[in-house]
Amino acid sequence: MTMNSTDGCQATTAGVGAAEALFHSLSDGTRLAIVRRLAQGEARVADLVAQLGLAQSTVSKHVACLRDCHLVDGRPEGRQVFYSLARPELLDLLASAEVLLAATGSAVALCPNYGTDSRPATTEACGE
């Protein structure tokens with residue numbers, strides 16, 4: 001870490017901001033559900049709406065967020081767009097997260113700061 005000469009605060013290590021943005025993009029349950037579904041193969045928004053049981057506008061907003069983060073690609077075909085995961089490494093990240101969650105048991109879910117009972121359920125999109 002380096003010192004910021006203007007205010008004396010320590011600057012973050014290079015890359016931490018990008019990692020924070022990546023994990024924030026995956027921190028919403030709807031976006032994570034979309035990513036998990038796309039791990040099975042490409043899908044249209046209509047497919048995601050039917051499978052997730054959410055409003056089309058909600059799904060579209062979250063798919064747009066994932067596209068903006070370059071985690072999801074869209075392949076136009078006629079008037080439809082088929083979405084898929086942009087990077088196979090995302091599957092590795094999710095698999096690693098599952099291993100970590102299995103190793104820690106319910107500790108993360110019980111965390112007073114970030115656990116499942118510490119924050120209200122939302123369907124916010126990126127940047128909100």
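Author: Let's start with terms: helices (H or I, at least four residues) and strands (E, at least two) are DSSP runs, numbered from the N terminus. This is a predicted model, where local features need pLDDT of at least 70, side-chain atom pairs count only at pLDDT 80 or more, and totals for chains, interfaces and linings use all residues. Residues are numbered from 1 along each chain as its sequence is written, and side-chain values use heavy atoms, with hydrogens and water left out.

Reader: Okay, in what order do the elements of the chain run?

Author: Starting at the N terminus, you'll meet α-α-α-α-β-β-α-α. That's 6 helices and 2 strands.

Reader: What span is expected for helix 5, and how far does it reach?

Author: The expected span of a helix is 1.5 Å times one less than its number of residues. Helix 5 (residues 89-104) has 16 residues, with 22 Å expected, and it reaches a close 23 Å from first C-alpha to last. Right after helix 5 sits G105, with a positive phi near 65 degrees.

Reader: How many disulfides are there?

Author: A disulfide is a covalent bond between the sulfur atoms of two cysteines. Here the rule is a pair of cysteine sulfur atoms within 2.5 Å, and the count comes to 0.

Reader: And how much of the chain is buried?

Author: Buried means under 20% relative accessible area, exposed over 50%, and partly exposed in between (1.4 Å probe, protein chains only). Of the chain's 128 residues, 21% are buried. C69 is partly exposed, because its relative accessibility is 32%. C111 is partly exposed too, at 24%.
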